[in-house]
Amino acid sequence: MVRSRAGERRKIAAAAYRAAQQAGRDPILAVMNATGRNRRRALRLIAGARDAGLLTPRHNKR
């Protein structure tokens with residue numbers, strides 16, 4: 001059941017990211033605080049959340 005934990009972390013990261021964006025705070029720091037991960041791991045969680053469709057893509061595809 002390792003997969004479900006990773007999915008759960010992605011959902012937590014996505015929620016923290018969105019909340020920080022709406023509040024005008026640094027979303028990466030918010031994910032770091034919410035998950036207890038360092039900056040590199042937080043960025044990987046955010047990328048995983050984007051890939052899973054929990055966050056909008058970083059760049060629009062042409």
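**Close-up views of a three-helix protein chain**

In the protein chain, α1 has the lowest confidence, with a mean of 88, and α2 the highest, at 95. The model is predicted; its mean pLDDT is 89, and 89% of the residues reach 70 or more.

**View 1. Overall layout of the protein chain.** The chain holds 3 helices and 0 strands, in the order α-α-α from the N terminus. Of its 62 residues, 26% are buried. The accessible surface amounts to about 5000 Å², and carbon and sulfur atoms account for 48% of that surface. Among contacts between residues at least 6 apart in sequence, 36% join residues at least 24 apart.

**View 2. The largest nonpolar core.** This core consists of 12 residues: Ala13, Ala14, Ala16, Tyr17, Ile28, Val31, Met32, Ala42, Leu45, Ile46, Ala49 and Leu55. Two or more of the core residues come from each of α1 (2-23), α2 (27-35) and α3 (39-51). Ile46 is one of the core residues. Apart from neighbours within four places in sequence, Ile46 is in contact with Tyr17, Ile28, Val31 and Leu55. These four partners also belong to the core.

**View 3. Ala13 in helix α1.** Ala13 lies in α1 and is one of the residues of the largest nonpolar core. Ala13 counts as buried because its relative accessible area is 1%, where the cut-off is under 20%. With neighbours within four places in sequence set aside, Ala13 is in contact with Val31 and Leu45. Leu54 is 41 residues away from Ala13 along the chain, yet the C-alpha atoms of the two are separated by 9.4 Å.

**View 4. Start and end of helix α2.** Asp26 caps the N-terminal end of α2. The cap places a side-chain oxygen of Asp26 3.3 Å from the backbone nitrogen of Ile28. After α2 comes Gly36, with a positive phi near 75 degrees. Within α2, the buried residues are Pro27, Ile28, Ala30, Val31 and Met32. Ile28, Val31 and Met32 are also listed in the largest nonpolar core. An α-helix has 3.6 residues a turn, so residues three or four places apart point the same way.

**View 5. Pro27 facing helix α1 residues.** Pro27 belongs to α2. The residue is classed as buried because its relative accessibility is 15%, against a cut-off of under 20%. Leaving out neighbours within four places in sequence, Pro27 is in contact with Tyr17, Ala20 and Gln21. From Pro27 to Ala16, the C-alpha separation is 7.1 Å, and the two residues are 11 apart along the chain.

**View 6. Ala42 in helix α3.** Ala42 sits in α3 and is part of the largest nonpolar core. At 0% relative accessibility, Ala42 counts as buried. Beyond neighbours within four places in sequence, the contacts of Ala42 are with Ile28, Val31, Met32 and Arg37. Of these partners, Ile28, Val31 and Met32 are buried residues of α2. Ala30 lies 12 residues from Ala42 in sequence, with a C-alpha to C-alpha distance of 9.2 Å.

How values were computed. Residues are numbered from 1 along each chain as its sequence is written. This is a predicted model: local features need pLDDT of at least 70, side-chain atom pairs count only at pLDDT 80 or more; totals for chains, interfaces and linings use all residues. Side-chain values use heavy atoms; hydrogens and water are left out. Helices (H or I, at least four residues) and strands (E, at least two) are DSSP runs, numbered from the N terminus. Buried means under 20% relative accessible area, exposed over 50%, partly exposed in between (1.4 Å probe, protein chains only). Contact means heavy atoms within 4.5 Å. Accessible areas come from the Shrake-Rupley method with a 1.4 Å probe; for residues, only the protein chains shown count as cover. A nonpolar core is a set of buried Ala, Val, Leu, Ile, Met, Phe, Trp, Tyr and Cys residues joined through side-chain atoms within 4.5 Å. A polar contact is a pair of N or O atoms within 3.5 Å; within protein, one must be able to donate a hydrogen and the other to accept it, and residues adjacent in sequence count only if both atoms are side-chain atoms. pLDDT is the predictor's confidence in each residue, from 0 to 100.
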